[in-house]
Amino acid sequence: MRPIILLLLTLLSFYQSIGTSVVAELSTPLWPPELYSSLIPQKLLATTNTQRNPPQYPQYTDRVVGEWQWFSPDTWSSGFLPATMYELHTRTRLCTGQGSGEGTDWVDLGRVWSAAEVPLETKTSVGHDVGFLSFPFVQELLVNPYNKTAINAVNTFAADLAARFSPIVGCTRSWDSSDPTLFEVIIDNMMTIDVLFSSYSLTRNSTLIDIAKSHANKTMLNHVRPDGSSFHLVEYNATTGEVIARATVQGYSDNSTWSRGQAWGLYGFANMYSYTNDMNYLETSRKMANYFLDHLPSDGVVPWDFNAPDGPSRPADTSAATIASTGLLLLARQELSLSPPSLANAARWVAGAWKLLNATTDLAWKPSWQSLLSNGTVNNPAANNDTGIVYGDYYYIKAGNDLVEMGLTQC
C-alpha cells in the first residue's frame, strides 16, 4: 500500500497546485474500469423496464442468478433506485461515450420512479428512514430547485424525522416500540439526518439544524467507542434519557462492529462536518475511517462484521464497501478544504477508497446479474447475504462520479 499512498499524496499535491486535469491524466489507471462500464446504464434501463402495478422497488437479488426481489414503496430502501437514475444523469454530464448512458432522460426516469414515494409523505412505516426516501427528491432540487413536488417531499420527510426527536434523549428515534419507556437509536440515523439540512436550505428553520447537531453529538458520545469502532444500536430510557443498553441487531455480537454501520457512521460524520465545520465531527469521521481501514483483511474485502470469526459464517458485504468508499472520498474532500489542507490524511482516505473499490470489483462485479455487484449482506443474522443490493450499486456509481468530480480519474 505504501507506494499507492505516496503516489496519491503526489497526485493530491498536484490537485492543489495545478488543477485537476493533470491529476486525472496521471491517476486514471488506478481505478477499476468497471466503474464506468456500459453495463451500468444498460442494467439500469433494463430494471426500469420492469415496472409493476402496483409499483414496487428492488432491494436485493436472489443468490443464484442475481434477479431483483421486489418490495412495496413503503420500504426503507425504495428511494435508492430513483436516486441512482439521478446519479446517471450526473454521469452523462461528467462522461461522454458508451458508458455514460447518453440519450436517456435519466431525470425523467428519476421523477417517474419517485412518484410512488409521494404518498409516503402522509403515511409510511419506515420511521427514521424517511431520510433515505428523500434522496431522489434532494437530487431533483439540484436539477430544478423550483420543483414543488420535490420541495414538498423534502420538507415533509424532514418534518416527519424531526417529529421523532426527543429533547430528553437528544436523538431522533429509529424504531418504534410498544414500550413507551424504550427509545432505540441505530447508527444508520447518521445518514438519514441529512434531510434536515436539505429542508433547512429551503425553510431556514434552524430547529432542524439543532436537532441534527444534537443527534450527532449524542451518537458521538454513545455509539462511537474510543477506538473508533461503533455499536449498531443504543437503547435509551425515553423518560430519563439514560442509556439502557448498547447492542446489535445485524452485527455479530453486541460488542462487535457491524461493517455497514461503521460505514454509515464515517460517512455521516464527514457529512456533518461539511455542513457545520465542527472539528469534532471531522475527528470522529477520521476515527471511524481509521478503524474501518485498519481492520480490513489483507485482500481488502469488507466482512459483514469486523469481529466475526473467519469462515463461511463471515460473508462479505460489498454494500458496506461501497458506502465506505464514497464516505472516504467525502472525507478526503473535507481534508482538502482545511486551511492548510491535510494532504496526508486525504491521501490515506483516497488510498482506502481505491483498495475497497478494487477489492469489491474483483470479487463482486457480475455482468450476468441484474445488479451490478454481488456479495452484499442485507442482514446476516436473518441469513440474507451473498446478494446484489440496490444501495450497494447506488454508492458504487456515486463513487465513480465523485472520483471524476475530484479530478482523480476520467470516465
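**Strand pairing and nonpolar cores**

Q: Which residue of β6 stands opposite valine 185?
A: Valine 185 stands opposite valine 234 in this predicted model. Residues are numbered from 1 along each chain as its sequence is written. Local features need pLDDT of at least 70, side-chain atom pairs count only at pLDDT 80 or more, totals for chains, interfaces and linings use all residues, and side-chain values use heavy atoms, with hydrogens and water left out.

Q: What makes β5 and β6 a pair of strands?
A: Strands (DSSP runs of E with at least two residues, numbered from the N terminus) pair if DSSP finds at least two bridges between them. Strand β5 (residues 182-186) and β6 are joined by five bridges in the antiparallel sense, so they meet that condition.

Q: How do we know that β6 and β7 pair as well?
A: Four bridges, again in the antiparallel sense, link β6 to strand β7 (residues 243-247), so the requirement is met here too. Among these two strands' residues, glutamate 235 has alanine 245 in β7 as its bridge partner, and in the hairpin, with five residues between the strands, glycine 241 takes a positive phi near 80°.

Q: Why is β6 called mostly covered?
A: Four of the five residues in β6 (residues 233-237) are buried, which means that each of those four has under 20% relative accessible area (1.4 Å probe, protein chains only).

Q: Which residues touch the most other members of the largest nonpolar core?
A: They are Trp31, Leu196, Phe292 and Tyr395, out of 105 residues; such a core is a set of buried Ala, Val, Leu, Ile, Met, Phe, Trp, Tyr and Cys residues joined through side-chain atoms within 4.5 Å. Apart from this core lies another, of seven residues, including Val234 and Tyr236.

Technical notes: Buried means under 20% relative accessible area, exposed over 50%, partly exposed in between (1.4 Å probe, protein chains only).
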